[in-house]
Every structure is written in C-alpha cells, then in structure tokens.
2 protein chains.
Amino acid sequence: MDPRIREHAGVIADHSTGIEAGDMVVVSAPPEAEDLVVALFEVIGDRNATPAYMGKSERADRAFMRAADAEELETPAHTKALYEELDVLIRVRAPRNATETSDVDPAATAARQRVGQPVQEVALSKRWCLTQFPTAASAQLAEMSSEAYEQFVWDAVNLDWEAQYEFQENMVEPLDDAAEVRIVSGENTDVSMSIDGMVAVNDDARHNLPGGEVFTAPVPGSVEGEVYFDKPVYRQGREVTDARLVFEDGEVIEHGAGKNEAVLTEILETDASVRRLGELGIGMNRAIDRFTYNMLFDEKMGDTVHMAVGNAYDETVGEDREGNDSAAHVDMIVDMTTDSRIELDGEIVQRDGTFAFEEEFEA
Amino acid sequence: MDPRIREHAGVIADHSTGIEAGDMVVVSAPPEAEDLVVALFEVIGDRNATPAYMGKSERADRAFMRAADAEELETPAHTKALYEELDVLIRVRAPRNATETSDVDPAATAARQRVGQPVQEVALSKRWCLTQFPTAASAQLAEMSSEAYEQFVWDAVNLDWEAQYEFQENMVEPLDDAAEVRIVSGENTDVSMSIDGMVAVNDDARHNLPGGEVFTAPVPGSVEGEVYFDKPVYRQGREVTDARLVFEDGEVIEHGAGKNEAVLTEILETDASVRRLGELGIGMNRAIDRFTYNMLFDEKMGDTVHMAVGNAYDETVGEDREGNDSAAHVDMIVDMTTDSRIELDGEIVQRDGTFAFEEEFEA
C-alpha cells in the first residue's frame with residue numbers, strides 16, 4: 001500500500017477525529033477508496049476502537065433515485081440509528097465517474113436531501129470528518145494525470161496542521177471583531193453583509209480534510225449586492241458555470257448561470273431558507289495551488305472567497321444570533337487573485353490574494 | 001449490466017425477502033459486488049423502500065483484527081443499532097481473495113465473532129438473506145473459469161423456487177415425524193442422533209440464496225458416533241481437509257484434520273456449547289452439480305449431508321426442546337454419492353444420493 005495512504009489515515013485518526021479506545025467509528029467510503037478503508041481499520045484496531053464500514057455507491061444512488069417515487073421517500077431510520085450510536089464518522093469521497101448522477105432529476109436529489117436532513121443533523125452533532133481519496137475520475141475533472149493528482153491530494157491532506165492553524169489564526173480575530181464585510185472582485189462582484197455577533201472558525205482540518213479556511217455566517221437578512229462566481233459548481237454531476245446571485249434584504253432575488261441554470265434553480269427551491277447565505281469563507285491552504293473542480297479543495301485555496309447558500313453551521317452562529325436552517329448547503333467560489341479586495345468595517349484585509357498581515361501586502 | 005444480475009436482485013427482493021413500501025433495507029456487500037448493489041438499489045427504489053449500503057472488506061477486517069487487542073474487542077453498538085431499525089438485511093458475499101484472512105490469528109477471529117454475537121442475534125430476528133456474487137476468486141477456488149462460474153451461480157440462484165419447494169417437501173414430513181436419524185457413509189462415517197420433537201425446515205431460499213436443503217436440529221446430548229467430512233472446510237481463508245469428529249453423549253470428544261487442524265481446534269474452543277451439533281441438513285438443490293468449496297452452495301448439493309457444530313437455528317428447535325446457543329456455526333459436508341445411506345427410525349430414505357420417494361430408488 002502507498003505509504004501516503006497510511007499517513008492520511010493517521011491524520012484522520014489522530015488530528016481530525018482523535019480516535020480513542022472504546023470509540024464506535026463508522027467509515028463511509030465508495031469501493032474505489034478501499035485502500036484507505038483498510039488503513040483506517042488498521043489504525044482503528046490499533047487504538048482499540050470499534051469500526052463499521054458503510055458503503056457508498058453513486059451508481060446505486062442513481063439507480064435508487066431514478067426508480068423511487070420522490071413523493072414517497074422516507075428518512076432512513078436505520079442509518080439514523082447507526083449515526084446516533086457512533087462517536088466518530090469518517091466520510092471518504094472517491095468518485096469513479098464525477099458525472100454519475102447527471103441523469104437524475106434534480107428534484108429527486110433535493111427530495112432525498114430533505115428526508116435525509118435528520119440523519120445529517122445527527123452526523124453533524126458527532127466527531128466527523130470528510131475527506132478525499134484520489135481517483136482517476138477526480139484527476140480527469142481536474143485535468144491532471146492520476147499520479148500528479150495523487151500528489152496534489154496528499155500534499156494538501158498530509159500537511160503540518162499545527163503550523164497551518166497558527167497561520168489561519170491571523171484572520172480569525174479580525175473576522176470575529178468585525179461587524180461588516182465587503183467583498184469586491186472585478187466588475188461583477190460587490191457584496192456586503194453583517195457578521196456582527198457571529199463566530200469566525202479556524203478550519204484546521206477537524207471536519208474537512210484538507211482543511212484550510214476561516215469561515216463564519218452572515219447575519220440573516222443582511223446580505224446586499226451581487227456576486228459572480230468565477231469557478232463552476234459541480235452539482236449532481238452537472239457543471240453550473242458563471243453562476244450569478246443578486247441579494248436584497250439577505251435573500252437571493254435574482255439568479256442566473258451560463259450552463260445548467262436549472263440545477264441552480266432547483267437548489268434555490270430546496271426550502272424556504274436556502275435563498276439566504278449560510279456561510280462566508282476565506283480560503284487559506286496554499287498547498288492547494290490550483291482549482292480542481294472539487295469544492296472540498298477549491299474553497300480552501302489561498303486567494304479565494306466562498307459563499308454558501310443554505311444551511312449555516314451552528315458553530316458559526318453567535319449565542320444571541322439567529323442562524324439559517326436549510327437542507328442544502330451549496331458553496332460557490334469567487335476568485336480573489338486580481339482586482340479584488342476583502343474589507344472589514346471599511347479596512348482592506350486582503351488585496352489580490354495577499355493578506356494585510358503578510359509582508360508582501362502593500363497598504 | 002448483465003441481465004442475470006437484475007434477475008438475481010428480483011429473486012432477493014420478491015422471493016427471499018419480500019421487500020415492500022416503507023421497508024428499511026440494508027444491503028451489505030464487498031466492493032466486488034457493486035453491480036448487484038446497484039440492481040438492488042434499483043428494485044428497492046421501485047418498491048418505495050429505503051436502502052442503506054454497508055460495505056464489507058476482508059482486507060479491512062484483516063487489518064483491523066491484526067492490529068486490535070483481542071481482549072479489548074467490543075460489541076459494535078453502532079451496527080447493532082442499525083440492525084435493530086432495519087426490516088430487511090441482504091448480505092452479499094463476493095471475495096476478491098478467498099484466503100484474505102489466512103494470516104489472522106484464529107483466536108482473534110473467534111473473539112470478534114463472540115463480541116459480534118448480539119448483533120448477529122438481532123440480524124437473525126429480521127427478514128434476512130445471504131447470497132453470493134460471482135468473482136474471479138470464487139471461480140478460482142472452484143477450479144472453474146470466471147464465465148462458467150458465473151453461469152453456475154446464476155443457475156443455482158435464479159431457480160424456479162416454487163417447484164423446488166414442492167420437491168423438498170418430500171423430505172420435510174419424514175424428517176419431522178422421525179425420532180432417530182442415522183447417517184452412514186463409507187468406512188469412516190456412522191453417526192446417530194435423536195431429532196425427536198425437533199422441526200424440519202424447508203429451505204426454499206428465504207434466508208440462503210441459493211437455498212435447497214431440508215434441515216433440522218439434533219437433540220443436544222443425543223449425538224453418538226463418528227463422522228468423516230469428505231470435503232474441505234474453508235474457514236478464515238484456510239482449508240481444513242479430512243476433518244473428523246467423534247461424538248459421545250452429544251459432545252465432540254475427539255477431533256482431527258489432515259491440514260489446518262489448529263483452525264478446527266480454535267473453532268471447537270469458541271465457547272462451551274460449540275462441541276455440540278446445532279444442525280443436520282440434507283442437500284437437495286440439483287442445479288448445484290459440483291463442489292465449489294463454498295458452503296453456501298456445497299451444503300445444498302443433492303447427494304450430500306451436512307452437520308454444523310455450534311449454534312442451532314431457533315426455527316428448528318421444537319417448542320418443548322432445548323436448543324444449542326453458540327457464537328459459532330460451522331457446517332461440514334459428508335459426500336453421500338456412494339456407499340451411503342440415511343436412515344429414519346431404521347428405514348432407509350436415501351441411498352447413494354437417491355431419495356426413497358424418487359423413481360430411481362431401489363428398495
């Protein structure tokens with residue numbers, strides 16, 4: 001087995017989820033990621049914890065969703081019971097074909113997401129980690145060779161997470177203290193929002209591996225302006241390009257896309273609260289040096305900002321603040337490399353991808 | 001997808017487990033069997049039931065068992081909770097390497113089986129089905145080409161189960177009525193036992209797919225004599241050949257084997273009740289026309305008898321009778337082709353593989 005896989009399993013067990021003796025651990029992974037499942041079972045055994053292995057098959061999910069009556073979908077009570085009894089949930093992504101669910105009705109996917117929400121909520125209340133195992137399909141999506149892509153993934157994952165945590169702390173305090181954020185990029189993005197009383201979180205790869213962002217939640221109702229998302233969103237195997245959202249009083253009042261606008265429309269019809277922003281994130285993982293059309297990596301890139309419509313993470317919602325509950329959480333990315341700035345209460349904290357606390361920054 | 005796979009999924013859903021709208025269904029399968037998982041998810045969707053997919057990896061299990069401290073193993077509470085909430089459990093076997101766990105300490109395997117028993121008990125209280133997906137490893141074990149083995153599996157599985165049920169009923173009544181069974185084969189097998197008050201079950205592929213046997217439980221303490229098992233037992237990837245058991249007052253008092261006797265010894269040390277027979281079965285599925293070193297198939301062969309040390313199935317234990325509770329249930333096969341007979345209360349009901357109710361039988 002490639003030694004980087006055992007290293008990856010070690011980061012998951014020791015850094016991200018802190019597996020200990022007695023823990024009930026669930027590893028959820030597709031067939032392609034069996035090597036990582038093996039490495040994880042080894043480390044779980046070594047810690048005297050107890051593993052269970054949930055499979056994941058996009059092909060099977062597609063077959064189910066095409067065959068099922070969307071009106072009759074039920075919350076998977078058996079999976080919910082499993083999740084309620086676990087201590088640690090490790091989810092591995094490893095697509096064999098990134099467009100496997102491209103011929104599933106987006107309404108069916110949205111319906112399944114809705115009935116799955118109670119399960120998702122249980123998962124989020126536990127120690128959980130979402131990570132990636134490199135596959136040929138992901139490499140192809142990134143327009144990379146398999147070998148180069150493997151190196152890219154393991155460089156981003158098998159990082160010195162203590163050093164990365166310190167680096168990111170530089171942005172946590174300013175965000176925590178700020179009341180207003182403004183994001184400007186090029187001609188088409190100029191959006192403002194209040195983050196007053198919200199909590200900025202340092203993502204040092206506890207839940208996402210790779211981690212590498214600082215994120216918070218906007219005050220619902222405060223978002224104003226428009227955003228052009230430079231990078232395509234992959235959703236149910238379909239590429240939504242040139243997405244554009246216009247906000248008024250915190251709600252999306254207008255949206256558009258170059259390709260697959262219908263997918264974006266479906267997303268924005270998931271439920272009543274999906275039209276609000278649930279997250280604002282600043283990417284800070286510079287081991288991720290290119291877009292790979294994979295949100296788990298793209299949103300962590302050093303010179304990007306991302307916003308998610310839908311659900312706000314509880315940890316980012318201040319004690320006396322209102323959050324946003326939605327079955328969906330869809331991240332979209334703004335490139336901040338050129339002609340861009342992030343302002344906190346009117347002060348520029350990042351310009352063209354360089355942070356104010358960095359030497360290269362020109363005030 | 002091979003149409004025989006969809007047919008297989010249909011037999012599982014409609015005949016074996018009777019999947020209905022609202023059922024919570026778990027499919028447990030290794031990566032090699034993904035095609036059958038896809039076909040099952042499709043039929044589960046079509047019936048408006050709710051699927052979950054448990055993975056199974058012999059490689060991961062091996063890694064876990066080699067790394068874990070056998071003394072510290074715990075009952076997987078999370079898996080138990082999943083099982084408690086399900087209506088239907090479908091288990092698929094599909095090895096990539098039949099000897100994958102051959103370097104795991106048999107004591108570790110036995111310990112894991114022990115802590116897993118509460119989970120197993122929940123599973124057995126549900127609608128469940130164990131089946132096989134053809135793989136190159138299983139074909140190799142059977143000394144067959146992959147294509148011939150696929151045909152063999154699907155011939156045995158995609159059978160006319162109503163006709164098969166009727167055929168097997170011919171043996172259910174005699175076994176149900178009988179008090180004493182005697183099995184004689186060649187020079188080395190001559191064993192008697194009481195089945196008085198026990199229940200004979202017609203296995204028409206509700207729990208095992210393929211099915212094709214009639215089985216019951218011996219009265220504990222009644223087994224006397226010796227048995228030579230003609231066919232090797234595959235256990236944890238190791239082949240136990242020429243196994244021999246000697247019974248006195250219902251207990252194994254002596255055992256031996258040609259190869260891997262230590263594996264047999266480990267089995268017989270699982271717990272206090274594993275030294276008793278839990279099952280006597282008569283194979284009646286003639287679509288299975290050869291040994292493939294796979295108990296799920298071998299024990300159903302027309303001219304064989306099998307006995308299992310360890311656990312007795314509740315359904316075979318008469319209301320006022322004592323059963324046998326053990327964490328193990330290990331089937332072993334006696335070839336009844338030549339120089340063999342089954343006697344019920346002194347009357348021959350099968351000679352050299354031919355049943356008394358068949359035309360070819362010579363009284």
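Is V240(A) buried or exposed? In this predicted model, V240(A) has 23 other C-beta atoms within 10 Å and is therefore buried, the threshold for that class being 20 or more. The residue is found in strand β12 of chain A, which covers residues 238-240. Leaving aside residues up to four places away in sequence, V240(A) touches P232(A), V233(A) and R235(A) as well as A257(A), K259(A), N260(A), V263(A) and L264(A). D335(A), by contrast, is not among these partners; 95 residues separate D335(A) from V240(A) along the chain, and their C-alpha atoms are 16 Å apart.

The setting of this residue is a chain with 10 helices and 20 strands. Chain A has a radius of gyration of 20 Å, close to the 21 Å that the globule rule gives for 363 residues, and it is therefore as compact as a globular protein of that length. The C-alpha trace of chain A spans about 50 × 50 × 45 Å along its principal axes, and 53% of the 363 residues in the chain are buried. Of the contacts in chain A between residues at least 6 apart in sequence, 73% join residues that are at least 24 apart.

Chain A is divided into domain 1, comprising residues 3-157, and domain 2, comprising residues 161-355, and the C-alpha centres of the two domains lie 23 Å apart. Where these domains of chain A touch, domain 1 contributes 29 residues and domain 2 contributes 25 residues. On the side of domain 1, the elements of chain A that give two or more residues to this contact are the helices α1 (3-16), α5 (106-124), α6 (136-141) and α7 (146-157), together with strand β4 (127-132). The largest share of that side, seven residues, comes from α5(A), and by class the side of domain 1 of chain A that touches domain 2 has 14 nonpolar, 11 polar and four charged residues.

An open sheet of eight strands is also present in chain A, with the order β14-β13-β10-β6-β5-β18-β19-β20 and antiparallel pairing. Its edge strands are β14 (251-256) and β20 (354-355) of chain A, each of which pairs on one side only. Within the sheet, strand β5 (residues 180-185) and strand β6 (residues 189-194) of chain A pair in the antiparallel sense over six bridges; the register of this pairing is illustrated by E180(A), whose bridge partner in β6(A) is S194(A).

The relation between the two copies was examined next. Chain B can be laid on chain A with an RMSD of 0.0 Å by a turn of 180° and a shift of 0.0 Å along the axis, which is the relation of a two-fold axis. The same surface serves both copies, in that 100% of the contact residues of chain B recur in chain A. In the contact between the chains, 42 residues of chain B meet 42 residues of chain A. At least two residues of the side of chain B that touches chain A are supplied by each of β1 (24-29), α2 (34-46), β2 (50-55), α3 (58-67) and α4 (77-84) of chain B, with α2(B) giving the most, eight residues. The residues on this side of chain B divide into 24 nonpolar, eight polar and 10 charged.

Notes: Residues numbered from 1 in each chain as written. Chains lettered and ligands numbered in written order. Predicted model: local features only at pLDDT ≥ 70, side-chain atom pairs only at ≥ 80, totals over all residues. Least-squares fit on C-alpha atoms with pLDDT ≥ 70 in both. Contact = placed C-beta atoms within 7 Å. Pairing = 2+ DSSP bridges. Helix = DSSP H or I, 4+ residues; strand = E, 2+ residues; numbered from the N terminus. Rg over C-alpha atoms; globule rule 2.2 N^0.38 Å. Buried ≥ 20, exposed ≤ 12 C-beta atoms within 10 Å, placed from the backbone. Domains from an automatic or database assignment. Nonpolar A, V, L, I, M, F, W, Y, C, P; charged D, E, K, R; others polar.
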